[in-house]
Amino acid sequence: MNRVRAQLHADEVHAAGFTGRGITAAVLDSGICFHPDYAHRIIAFRDFVNGKAVCYDDASHGSHVSGILGGDGSSSRGRYCGIAPGCSLVHLKVLDRYGQGKLEDIIAAMEWVIRNRERHNIRIMNLSAGTSKGEDDYNAKRLVQEVERAWDAGIVVVVAAGNMGPEPRSITVPGNSRKVITVGASDDFRGKGRYAKAEYSGCGPTEECICKPELVAPGTGIYSCSPYWKQGRYYSVKSGTSMAAPAVAGGIALLLEKEPFLTNVKVKMRLKETAVDLGYPKNRQGWGIPDLRRLLGIK
């Protein structure tokens, strides 16, 4: 994940004192473990799959995503530090051990986030999951409506573009929402060795001709937190737009730490104004890749 920080210039932002302190991000995923890189900053956990009260992650995906967003890298002497190592985390388990989820569980989790946003100061919601069902599908529409409810409540909603690309109209639901910030992978065709992959990042436009994604971030061969840390496996490697989305969510936490009164619409505009064009087609990269120095006005 040091490569992610380098490409987003996160180390320079951390050196300037910005870590996401005081900002809470809600992560909807497969669960979260008590990894030493962020255990002390997990302020709430809800399990919508099995109803357990104590943090756990039986698929490893959620712990990995959470580490990218908010791990402090303490188990690697800072090498695999996340983008917002000072933020607080709320985790809603909506995916099972196979990474599958039910629509009703995801919607219930989003409703919980909306109800508890003020109590936990939830400013960001990250959803690194989606469905490939057609945008006209009834359940797909419900999912889009729910993420837009969260957005309308003032939460900055960040969603993965999905791994169904690179053909046009391959953005997964609810990344097709015109309101949320949809994130693709900037490096899905640049992996090397065993991490090499064909292009996979979801591309727009949507069925409603909306340009998607808004942004891209590194997503291939990303090191982050593993739930097997007690066995000495503190980190694992994963690839996908699921890894790119929390990198952007972490950057948003840094921005909100500096300017806590920004609305989600203003956050989206600041990201647009400061992103770096990678030269890819618009429906592949959107505005480009975030430059956290420019986002936070650090020279």
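Which residues of E1 point one way, and which the other way? Thr 24, Ala 26 and Leu 28 point one way from the strand. Ala 25, Val 27 and Asp 29 point the other way. Buried is the label for all of them. This is a predicted model, and the account below starts from that strand.

## Strand E1 and its partners

Strand E1 covers residues 24-29. Six of its six residues are buried, so E1 is largely enclosed by the rest of the structure. The cut-off behind that label is a relative accessible area under 20%.

E1 pairs with strand E3, residues 88-93, in the parallel sense. Six bridges make up the pairing of E1 and E3. One contact point can be named: Ala 25 has Leu 89 in E3 as its bridge partner.

E1 also runs parallel to E4, and five bridges join the two. Here Ala 26 stands opposite Met 125 in E4. Ala 25 and Ala 26 point opposite ways from E1.

## The sheet as a whole

E1 belongs to an open sheet of seven strands. The order is E2-E3-E1-E4-E5-E6-E7, and the pairing is parallel. Which strands stand at the edges? They are strand E2 (42-47) and strand E7 (215-217). Each has a single partner strand, so one side of each is left without a neighbour in the sheet. From one strand to the next, the twist averages 25°.

Strands of a sheet pair through backbone hydrogen bonds, in either a parallel or an antiparallel sense.

Further along the order, strand E4 (residues 122-127) is joined to strand E5 (residues 156-160). The two run parallel, with four bridges between them. In this pair, Asn 126 stands opposite Val 158 in E5.

Helix H5 packs on the sheet. H5 touches E4, E5 and strand E6 (181-185). The direction of H5 makes about 150° with that of E5.

## The largest pocket

How many residues line the largest pocket? The lining has 30 residues. Nearest the centre of the pocket lie Leu 95, Gly 99, Ala 129, Gly 130 and Thr 131. The space in the pocket is about 630 Å³.

Three helices give two or more residues to the lining: H4 (103-120), H5 (138-152) and H6 (241-258). H5 is thus named twice here, as it also packs on the sheet. By class, the lining divides into 12 nonpolar, 16 polar and two charged residues.

Empty space of this kind is found by rolling a probe the size of a water molecule over the atoms.

## Loops and backbone geometry

Most residues other than glycine have a negative phi, and most peptide bonds are trans. The loops that follow E5 and E6 hold exceptions, listed here.

| Site | Geometry | Loop |
|---|---|---|
| Gly 165 to Pro 166 | cis peptide bond, omega near 10° | Pro 166 between E5 and E6 |
| Lys 212 to Pro 213 | cis peptide bond, omega about -5° | Pro 213 between E6 and E7 |
| Arg 169 | phi near 60° | between E5 and E6 |
| Cys 209 | phi near 65° | between E6 and E7 |

Arg 169 counts as partly exposed, at 47% relative accessibility. Cys 209 is exposed, with a relative accessible area of 59%. The line between the two classes is 50%, and exposed means over that value.

The loop between E5 and E6 also holds Glu 167. Is Glu 167 buried or exposed? Glu 167 is exposed, and its relative accessible area is 54%. Glu 167 and Asp 47 are 120 residues apart in sequence. In space, their C-alpha atoms are 35 Å apart.

Ala 39 is found in another loop, between E1 and E2. Its relative accessibility is 24%, which counts as partly exposed. Cys 55 is 16 residues away from Ala 39 along the chain. The C-alpha atoms of Ala 39 and Cys 55 are separated by 9.6 Å.

Methods:
Residues are numbered from 1 along each chain as its sequence is written. This is a predicted model: local features need pLDDT of at least 70, side-chain atom pairs count only at pLDDT 80 or more; totals for chains, interfaces and linings use all residues. Side-chain values use heavy atoms; hydrogens and water are left out. On a 1 Å grid over the protein atoms alone, a cavity is a set of points where a 1.4 Å probe fits but cannot get out, and a pocket is an open set with protein on both sides within 12 Å along at least five of seven lines; lining residues have an atom within 4 Å of a point. Grid points are joined across faces, edges and corners, and a volume is the space filled by probe spheres set on the points. Ala, Val, Leu, Ile, Met, Phe, Trp, Tyr, Cys and Pro count as nonpolar, Asp, Glu, Lys and Arg as charged, and the others, Gly among them, as polar. Two strands pair if DSSP finds at least two bridges between them. Axes are lines fitted to C-alpha atoms, for helices over the stretch in contact, and angles run from 0 to 180 degrees between N-to-C directions. Contact means heavy atoms within 4.5 Å. Buried means under 20% relative accessible area, exposed over 50%, partly exposed in between (1.4 Å probe, protein chains only).
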